[in-house]
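Could you walk me through this model in a viewer, one selection at a time? I would like to know what to pick next and what is there.

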Amino acid sequence: MLLTNSTPFPAMLFRGVVDDRRLFASVVCRVTYSIVDGTLKAAPEQVWRVSAEPWEGPYGPMDSDEVFYTGGVDVFAFGSARPHRPETGVMEVSVEVGSSFTYSIVVFGRRVWRKVKGSLVASPPAPFSEIPLTLEHAYGGKDTWDGLDVPYPANPLGKGFYVDEKNAEGGELPNIEEKGRLISRWDDRPEPVGVACCGMAFGPRLEQSLVFDEKTGALTEIKPTLFNSAFPAMVAPRVLPGDRVRIRGMLPGRSLEFTIPPSGLGVRVAIGAHEAMREPAVAQVGVEVDLERVFLTYRYPFRYVFTPHEKRSCELVYEPGVVS
């Protein structure tokens, strides 16, 4: 079975085998939109592609799209924290989707551990104008012990990880922390957090998604969340047309808002004498805040029985205002 893409958007059909007779398939389409007065309009240039291999996106590495289904909808916010006032040293960035999903992080200016009355305390955060919301500014990093580099496994790129108190004195704290779970001691070990993409090897993603037998250590379960590319806390249960998306703290003095539109996409599958049309669901919401541009990834997974010489076809169509 091959995909006939009758839309102006990048799309692919991925297939796999269930058993001797059954196969599975997944149609993936990614649409780039411009935000116009709070409404998403299909952009003239479709810059976000679909790829069977991991690839380098505009904001860093992107996972392969060859996924049957995931454990929810990935939500990404690409950009920086930007305070409204120049004297700001700490602020919140929040992402809301519809009425059922919201997530907030706290962003700090530069802080270091200082010795006060025999204990290490964090210095007041310095004012800042912009801090990129990347893993380099989240908790993690590398320290040294006995002359050896010791990376923090979950995020070697970050900052704030120290193996002993002596090394921590004068050292930086992370700029990005999760609201309600702020660092209070130099030896706290919080989960690195963010609002963009995290790779397949990201520690919390693996810990949430892989289940091992306590006695043998054998892998017993792989959860669908392993195939979510967003930070675990940035995976929404669902995103539907009409949901309002609101991002605060990434544009000075204002929020970025838009509404998820009807896709206008349909997947027409014909197997033998049977034919069905289905609308793919939203699988990812990616917001390029500075450019006021959005991509929506749509996915429709299905299974079918393979019969030799039987006619099979799959077509992706785009009929705005018709398919809904």
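Here is a tour in six stops, from the overall view down to single residues.

**Stop 1: the whole chain**

Keep in mind that this is a predicted model. Start with a cartoon view: the protein has two helices and 28 strands. Showing just the C-alpha atoms, you will find that they fill a box of roughly 80 × 55 × 30 Å along the principal axes. If you colour by accessibility, 48% of the 324 residues count as buried. A contact map is worth a look too: of the contacts between residues at least 6 apart in sequence, 60% join residues at least 24 apart.

**Stop 2: the tryptophan pair and its cluster**

Next, show the rings. The structure holds 16 aromatic pairs. One of them is Trp-48 with Trp-55, an edge-to-face pair with 6.2 Å centre to centre and 75° between the planes. Are these two residues buried or exposed? Both Trp-48 and Trp-55 are buried. Now add Tyr-59, Phe-76, Phe-78 and Phe-295 to the selection: ring pairs link these four with Trp-48 and Trp-55 into a cluster.

**Stop 3: a pair that bridges two loops**

Select Phe-202 and Phe-231. Their rings are edge-to-face, with centres 5.2 Å apart and 75° between the planes. Which parts of the protein does this pair tie together? Phe-202 lies in the loop between strand 18 (176-178) and helix 2, and Phe-231 in the loop between strand 20 (219-222) and strand 21 (235-236), so the pair ties together parts that are 29 residues apart in sequence. Phe-202 and Phe-231 are both buried.

**Stop 4: the cavity**

Stay with helix 2 and switch on a cavity display. The structure holds one cavity of 30 Å³ or more, and about 40 Å³ of space lies in it. To see the lining, select Pro-204, Arg-205, Gln-208, Ser-209, Thr-225, Asn-228, Ala-230, Pro-232 and Val-235. Which element gives the most to this lining? Helix 2 (residues 203-209) does, with four residues. Coloured by class, the lining shows four nonpolar, four polar and one charged residues.

**Stop 5: strand 10**

Move to strand 10 (residues 101-108) and pick Ser-104, which is found there. Ser-104 has a relative accessible area of 16%, under the 20% cut-off, so it counts as buried. What is Ser-104 in contact with, leaving aside its neighbours within four places in sequence? Its contacts are Glu-92, Val-93, Ser-94, Glu-178 and Lys-179. Then select Phe-108 and Arg-111: the charged end of Arg-111 sits over the ring of Phe-108, 3.7 Å from the ring centre.

**Stop 6: two positive phi angles**

Finish with a Ramachandran plot. Most residues other than glycine have a negative phi, which makes two picks worth a click. Lys-117 has a phi near 50°, a positive value in a residue other than glycine. Look for Lys-117 in the loop between strand 11 (113-116) and strand 12 (119-122). Lys-117 is exposed, with a relative accessible area of 85%. The other pick is Asp-146, where phi is near 55° and so also positive in a residue other than glycine. Asp-146 is found in the loop between strand 15 (142-145) and strand 16 (148-151), and Asp-146 is exposed as well, with a relative accessible area of 66%.

Notes: Residues are numbered from 1 along each chain as its sequence is written. This is a predicted model: local features need pLDDT of at least 70, side-chain atom pairs count only at pLDDT 80 or more; totals for chains, interfaces and linings use all residues. Side-chain values use heavy atoms; hydrogens and water are left out. On a 1 Å grid over the protein atoms alone, a cavity is a set of points where a 1.4 Å probe fits but cannot get out, and a pocket is an open set with protein on both sides within 12 Å along at least five of seven lines; lining residues have an atom within 4 Å of a point. Grid points are joined across faces, edges and corners, and a volume is the space filled by probe spheres set on the points. Ala, Val, Leu, Ile, Met, Phe, Trp, Tyr, Cys and Pro count as nonpolar, Asp, Glu, Lys and Arg as charged, and the others, Gly among them, as polar. Rings of Phe, Tyr and Trp (its six-membered ring) pair if their centres lie within 6.5 Å; planes under 30 degrees apart count as stacked, over 60 as edge-to-face and the rest as tilted. Buried means under 20% relative accessible area, exposed over 50%, partly exposed in between (1.4 Å probe, protein chains only). A charge sits over a ring if NZ of Lys or CZ of Arg is within 6 Å of the ring centre and within 35 degrees of the ring normal. Contact means heavy atoms within 4.5 Å.
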